[in-house]
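Visitor: I'd like a close look at one part of this protein, the places where helices pack on each other and the loops beside them. Could you walk me through it?

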Amino acid sequence: MALNSILPSKLGFGAAPLGNMFRDIPEAEALATVDAAWNAGIRYFDNAPFYGAGLAEIRMGQALAGKPRDNYVISTKVGRIVLDEIEGSPRDYGEKGGVFAHGRPNKVVNDYSEDATYRSIEDSLKRLRTDYIDIAFVHDVAQDFYGDEWLSMFESARKGAFRALQRMRDEGVIKAWGLGVNRVEPIELLLELDEPRPDAFLLAGRYTLLDHDRALQRVIPMVAERKLGIIVGGPYSSGALVGGPNFEYAPATAAIIARVAAIKAIAERHQISMKAAGLQFALANPAVAAVIPGASQPSRIAEDRAALEETIPADFWRELRAAGLVNPAAPLPIAV
């Protein structure tokens, strides 16, 4: 099913912060953030068992309980099983070692097999308090989590999760499936296969103002050619674009800080917000169906909504291009 026919709008809600991403978020604050998203008209919510070892799904299920289920869309992910037992040793999350240090202490097992895929969906249904999942993404079969072993993990998913999700889609259990990754290579590899046939991709951090070159080389053209769609996760590059200290879930480098400063100087001259620049840049690409910035405070939701509606003068984009701050191949909101 076409992604645009499933998603209710261009702006969704990324739930990773609800899993206590980077900090211990009070329960009331987390629930109020989901409420603020709902009140702002957001009806697409993305989640994953990985986010705080199930914490984000539990909180979202609680916040959305009682809302008409056919009024909103949920995507979640497979590839990890959250166990009841407590983790007894330090977790190895690849490049994202401390991201969910404040999440639940439950042990999380990486498993992309067919049986684990069915179990993952069942567990997510319980935590989310819902009868069905609209979109299921296979989570993190990429280098940032598995290093040199990523291809073997991808192969495990090809034999297990991909087939299970395709069967679930064909049987009408889910509406669509694909990959949810922070790297472009797994998407390229999947699209080069004759079978199975994915519907959509969640690409986090790879199509932003700060990092979009590699996505434009092959992934975006491949997705567009097949008339599929991309959901852009992490449009603010882990917060770096909007003044945060992190890029790619780690402290921003001097080069990234300098790039942000250069973009910000142009934005300030034109009196526009960095959030507006980031969201509207991503959505200018026809292959991008939606953006899902994460939020852990209700005030952030209003900022995101306002950023989408902010008017950005054409001269801002012209200056960015002239300064070499956007790839010449990147579509912009206006012709420059």
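Guide: Let's start with a yardstick: buried means under 20% relative accessible area, exposed means over 50%, and partly exposed is what lies in between. With 34% relative accessibility, R300 therefore counts as partly exposed. Keep in mind that this is a predicted model.

R300 sits in helix α12, which covers residues 298-309. Setting aside residues up to four places away in sequence, R300 touches K275 and A295. There's also a long-range neighbour to look at: T33 is 267 residues away from R300 along the chain, yet their C-alpha atoms are separated by 8.3 Å.

The K275 contact takes us to α11, since K275 is one of the α11 residues that meet α12. The axes of α11 and α12 come within 8 Å and cross at roughly 60 degrees. The two helices are therefore oblique to each other, and the crossing is right-handed. On the α11 side you'll find K275, A276, L279, Q280 and L283, and they meet R300, E303, D304, A307 and L308 of α12. Sorted by class, that contact has 5 nonpolar, 1 polar and 4 charged residues. If the spacing of those numbers catches your eye, here's the background: an α-helix has 3.6 residues a turn, so residues three or four places apart point the same way.

Now follow the chain on from α11 (274-283) into the loop that leads to β12 (288-292), and you come to N285. Its relative accessibility is 3%, so N285 counts as buried. The side chain of N285 makes a polar contact of 3.1 Å with the side chain of Y207. Leaving out neighbours within four places in sequence, the contacts of N285 are Y207, L216, I220 and P331.

For a second helix pair, turn to α4 (residues 114-128) and α7 (residues 161-170), which pack at about 50 degrees with their axes 7 Å apart. That angle makes α4 oblique to α7, and here too you have a right-handed crossing. From α4 the contact uses E114, T117, Y118 and I121, while α7 brings A161, A164, L165, R167 and M168. By class, the contact of α4 with α7 splits into 6 nonpolar, 1 polar and 2 charged residues.

α7 itself is mostly covered, with 7 of its 10 residues buried. The buried ones are A161, F162, A164, L165, Q166, M168 and R169. The cover over them includes α4, along with β3 (73-78), β6 (135-139), α6 (150-159), β7 (176-181) and α8 (185-191). Just past the end of α7, check the backbone at G172, where phi is positive at about 85 degrees.

Last stop is the loop between α4 and β6, where T130 lies. T130 has 10% relative accessibility, so it counts as buried. Its side chain makes a polar contact of 2.6 Å with the side chain of R69. Not counting residues up to four places away in sequence, T130 touches R69 and L125.

So, to put the loop residues together: N285 follows α11 and has its side-chain polar contact with Y207, while T130 follows α4 and has its side-chain polar contact with R69.

Technical notes: Residues are numbered from 1 along each chain as its sequence is written. This is a predicted model: local features need pLDDT of at least 70, side-chain atom pairs count only at pLDDT 80 or more; totals for chains, interfaces and linings use all residues. Side-chain values use heavy atoms; hydrogens and water are left out. Helices (H or I, at least four residues) and strands (E, at least two) are DSSP runs, numbered from the N terminus. Buried means under 20% relative accessible area, exposed over 50%, partly exposed in between (1.4 Å probe, protein chains only). A polar contact is a pair of N or O atoms within 3.5 Å; within protein, one must be able to donate a hydrogen and the other to accept it, and residues adjacent in sequence count only if both atoms are side-chain atoms. Contact means heavy atoms within 4.5 Å. Axes are lines fitted to C-alpha atoms, for helices over the stretch in contact, and angles run from 0 to 180 degrees between N-to-C directions. Angles under 35 degrees count as roughly parallel, over 145 as roughly antiparallel, 65 to 115 as roughly perpendicular and the rest as oblique. A crossing is left-handed if the near helix is turned anticlockwise from the far one by less than a right angle, and right-handed if clockwise. Ala, Val, Leu, Ile, Met, Phe, Trp, Tyr, Cys and Pro count as nonpolar, Asp, Glu, Lys and Arg as charged, and the others, Gly among them, as polar.
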